[in-house]
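Work through the exercises below with the structure in view. Each task is followed by a solution in steps.

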Amino acid sequence: MSQLPVFNPPTPFLAHLPAGLGIYRKVTIRGKMKDDQFNINLQTGPNTNPRDDTALHISIRPRDGVIIRNSIQFRNWGIEERFGGCPVQKKQYFDVTITVKPDSYGIAVNGAHYCDFNHRMPYASHGFNVTSFQPGMQCEDLPCLGALLGGMQIGKRIIIQGTVTDNRFNINLQLGPEVSPRDDTALHLSIRPSEGTIVRNSLVSQSWQEEERFGDCPISVGQPFTLEIRAEEFNFVIFINDEWYCSFQHRQPVEMVNFIHLGTGATIDSVTESF
C-alpha cells in the first residue's frame, strides 16, 4: 500500500493516510481525465471488493455532465447528490481538492469551490482510495509539463534545481496546460547565459507583453543552479542560488496559475512546491 504524497502511480491506486483526516486537512488529486468516469473514495479501510465504509465517494462523469457524491455504510449506498454540473472535461487536466471542515467536506474543482458534502460518519479514521488516477508532472526529460498542486497561492514557493545545458532555458507559469499555442502565461522566464540576461514577460491571448531584461544572468551553462519563485501579494519574487534576483509584478490573477512548463536547454534534478 502506498504512502502519500505520490506521483504517477499505477491504476487503480490505493494509499493510506497514517494520521487519518483531521479538521482542515486537505487532500489534492491532480491528473488528466482519460475515461468517462473517475472515482475517488475516502474509506475507513483498504478493502475495495466489497468496499469498506466510505465517508465520501466522488464520481466524476463528464459524459453525463455530473459529479456524483455519496457514501457507503455497511455495504449500502446512501443518498446521491448530483447538483452542480461537471466542470471536468474528458482528455483535459483537472484538480480536485477535498478539505475537511467541522460539518462537511469542502470540494474544490480546478481551484474553484464546487460543493460541500455533509459528514455522514466520523472522518478521523478514513483511508484513501483513487481509481483511474493519472497525475501531471514528470521532469525526467525536457520539455515537461507539471500541474501545480492547489494552484499558485499567495505564499507558495516553487524551487527548481538543475543545470543549464544550452544558451536558452525557459520556465512558464501558465493558466492552463496548452503549450502550442501556449495558454495565458503569468510569468515567463527565459534564461539566456550567452546574452547575459534573464528575460521576464507574460503572455495574454497568445500575445507577448512588455519584456523586462534588467539585471545580469547569474546562471552559466554547465553550472548547477537553484531558482526559486515566490508568489507574493503583488509580485512574483525570484531568487537564484539563494540570492534575490528580481520581482515581477502580477499582470494576471496569480491564483489562476495551475501549470508549470519547462522547456529544453537544461537537465532538471527536482521541482518542488512549498509554503
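Contact here means heavy atoms within 4.5 Å. The model is predicted: local features need pLDDT of at least 70 and side-chain atom pairs count only at pLDDT 80 or more, while totals for chains, interfaces and linings use all residues. Residues are numbered from 1 along each chain as its sequence is written, and side-chain values use heavy atoms, with hydrogens and water left out.

**Exercise 1.** Describe the surroundings of T197.

Solution. Start with the location: T197 belongs to strand β16 (residues 197-204). Strands are DSSP runs of E with at least two residues, and helices are runs of H or I with at least four, both numbered from the N terminus. Next, list the partners. Leaving aside neighbours within four places in sequence, T197 touches S190, I191, R192, R213, G215, D216 and C217. Then look at R213: its backbone oxygen lies 3.1 Å from a polar atom of the T197 side chain. Finally, is T197 buried or exposed? T197 is buried, because its relative accessible area is 6%, and buried means under 20%, exposed over 50% and partly exposed in between (1.4 Å probe, protein chains only).

**Exercise 2.** Lay out the sheet that contains β3 and β10.

Solution. First, write the order: this open sheet of four strands runs β3-β8-β9-β10, with antiparallel pairing. Two strands pair if DSSP finds at least two bridges between them. Second, find the edges, which are β3 (26-32) and β10 (112-118), each pairing on one side only. Third, note the twist: neighbouring strands of this sheet are turned by 20 degrees against each other on average, direction ignored. The axes behind this angle are lines fitted to C-alpha atoms, and angles run from 0 to 180 degrees between N-to-C directions. Fourth, take one pair in detail. β3 and β8 (residues 93-100) are joined in the antiparallel sense over seven bridges, and K32 stands opposite Y93 in β8.

**Exercise 3.** Summarise the protein chain and state how confident the prediction is.

Solution. Count the elements: the chain has zero helices and 22 strands. Of its 275 residues, 47% are buried. Among contacts with a separation of 6 or more, 58% join residues 24 or more positions apart. Now turn to pLDDT, the predictor's confidence in each residue, from 0 to 100. The chain averages 87, and 88% of the residues score at least 70. Confidence is lowest in strand β11 (residues 128-130), at a mean of 53, and highest in strand β15 (residues 185-192), at 98. Over residues 132-137 the pLDDT is below 50, and this stretch has 31 contacts in the model beyond near neighbours in sequence.

Terms used. Polar contact = N/O pair within 3.5 Å; in protein donor to acceptor, adjacent residues only side chain to side chain.
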